[in-house]
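The following exercises are to be worked through with the sequence and the model in view. Each task is followed by a solution in steps.

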Amino acid sequence: MPVTGVRTAAAEQLRMLAKVARMYHEQGMRQPEIAAQLNISQPRVSRLLKEATTRGIVRTVVVLPPGVHTELEEQLQQRYGLRDAVVVDTEGSNGDVIPALGAAAAVYLDATLKGGDVIGISSWSESLLAAVDAMHPKHSSVADRVVQIVGGVGSPEAQVQATRLTSRLAELTGARPVFVPSPGLVGTPAIRRALTQDDAIAAVMAQWKELTVALVGIGSLEPSPLLLRSGNAVAEADQDELRSLGAVGDVCLRFFDDHGRPVKSRLDQRVVGISSADLRTIDRRVAVAGGERKLSAIRASLLNDWVNVLITDVDTAERLVS
């Protein structure tokens, strides 16, 4: 065949690709209609559409609706090796990101909890309290147990908050609540050793090995108002020691430095709660945290795999990937 013939055939093929692509994507015609109008087979229409995409004649562009930050979520996942990320707008919040984070966490949990999950939950997180308050009851059980992973008994007010968090999540998910009958932070390592030898507490600790999901907050070195009210707040002397060791934040009262490395302090020996090593064995570790005050702590926790799912606000997410 002469060269001009080859070029004519190639041009005709391109013309057919463009024609079929426009009929399908721009005019909204179905493949059988295109086949009938052009007097070609439907399988050929399908092949032409695929080739049009391969050659770049058809390019798919996803336009994100307002308030959806999929691209930023993907950047977080790639940057920190996360399993998932959820980024939410907090416009009009006057700096209080907790309600928006709680609502986003409620939606995430509603979509991802499956039957048989054993959920571990931290006692001291305002974001988790907001999430549980925003959740709707499931029509069938999506979890077997909801287990506290750090002690919850402090002041009477704090005991009510911790119990409500665990019991309400259990009620919403059709699970059985399991409480830690102990303070999260005790006075001496000897008291902690004695408590953890108690049969009731030991039985709860054994269940930490069975967790499939952990729901945690991320704390900064400065205690949150909730922790201050709890009776489990970190004393000034302990804060000074943690600061001297380079601590920037914590998960379940387990403190870490700006690289996410666990900080070995005297306080660590007084915590009645899951260890950092046991926490990291849990398949899905979901943190609900945001706001400028916690930025350094959130970044550090991501750097060393304390959590693998992050639910945060858009300003924090942008700083984490910048």
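Buried means under 20% relative accessible area, exposed means over 50%, and partly exposed lies in between (1.4 Å probe, protein chains only). The model is a predicted one, in which local features need pLDDT of at least 70 and side-chain atom pairs count only at pLDDT 80 or more, while totals for chains, interfaces and linings use all residues. Residues are numbered from 1 along each chain as its sequence is written, and side-chain values use heavy atoms, with hydrogens and water left out.

**Exercise 1. Overall architecture**

Task: State how many helices and strands the protein chain has, and describe its burial, surface and contacts.

Solution. Step 1: helices (H or I, at least four residues) and strands (E, at least two) are DSSP runs, numbered from the N terminus. By this assignment the protein chain has 14 helices and ten strands.

Step 2: the protein chain comprises 322 residues, of which 48% count as buried. Its exposed area is about 15900 Å², with carbon and sulfur atoms supplying 52%; the areas come from the Shrake-Rupley method with a 1.4 Å probe, and for residues only the protein chains shown count as cover.

Step 3: a contact requires heavy atoms within 4.5 Å. Among contacts between residues at least 6 apart in sequence, 72% join residues at least 24 apart.

**Exercise 2. Salt bridges**

Task: Locate the partners of the salt bridges Asp238–Arg270, Asp240–Arg243 and Arg254–Asp268, and classify each partner by accessibility.

Solution. Step 1: side chains of opposite charge can pair when their charged atoms come close. The criterion is a side-chain nitrogen of Lys or Arg within 4 Å of a carboxyl oxygen of Asp or Glu, and the structure holds 17 such salt bridges.

Step 2: Asp238 and Arg270 pair at 3.1 Å, N to O. Asp238 belongs to helix H11 (residues 236-244) and Arg270 to the loop between strand S8 (254-257) and helix H12 (276-280), so the bridge ties together parts that are 32 residues apart in sequence. Asp238 has a relative accessible area of 12% and is therefore buried; Arg270, at 14%, is buried.

Step 3: in the pair Asp240 and Arg243, the closest N and O atoms are 3.4 Å apart. These residues are three apart in helix H11, so about one helical turn separates them. Asp240 is partly exposed at 44%, and Arg243 is partly exposed at 46%.

Step 4: for Arg254 and Asp268 the closest N and O atoms are 2.9 Å apart. This pair links distant parts of the chain, with Arg254 in strand S8 and Asp268 in the loop between S8 and H12, 14 residues apart. Arg254 is buried at 7%, whereas Asp268 is partly exposed at 23%. Elsewhere, Asp144, Arg145 and Glu210 are joined into one network by salt bridges that share partners.

**Exercise 3. Backbone at Cys252 and Leu253**

Task: Determine the sign of phi at Cys252 and Leu253, and place both residues.

Solution. Step 1: most residues other than glycine have a negative phi. Cys252, not a glycine, has a positive phi of about 55°; Leu253, likewise not a glycine, has a positive phi of about 65°.

Step 2: Cys252 lies in the loop between strand S7 (247-251) and S8, and Leu253 lies in the loop between S7 and S8.

Step 3: Cys252 counts as buried at 5% relative accessibility, and Leu253 is buried at 4%.

**Exercise 4. Two loop residues**

Task: Identify what surrounds Val272 and Leu211.

Solution. Step 1: Val272 is placed in the loop between S8 and H12 and is buried, at 1% relative accessibility. Its C-alpha atom is 5.0 Å from that of Gly184, 88 residues away along the chain. Leaving aside neighbours within four places in sequence, its contacts include Val150, Val180, Arg192 and Leu195.

Step 2: Leu211 is in the loop between helix H9 (199-207) and strand S5 (213-216) and is buried, at 7% relative accessibility. Leu211 and Gly120 are 91 residues apart in sequence, with a C-alpha to C-alpha distance of 6.1 Å. Beyond neighbours within four places in sequence, the contacts of Leu211 include Val118, Ile149, Ile274 and Ile282.
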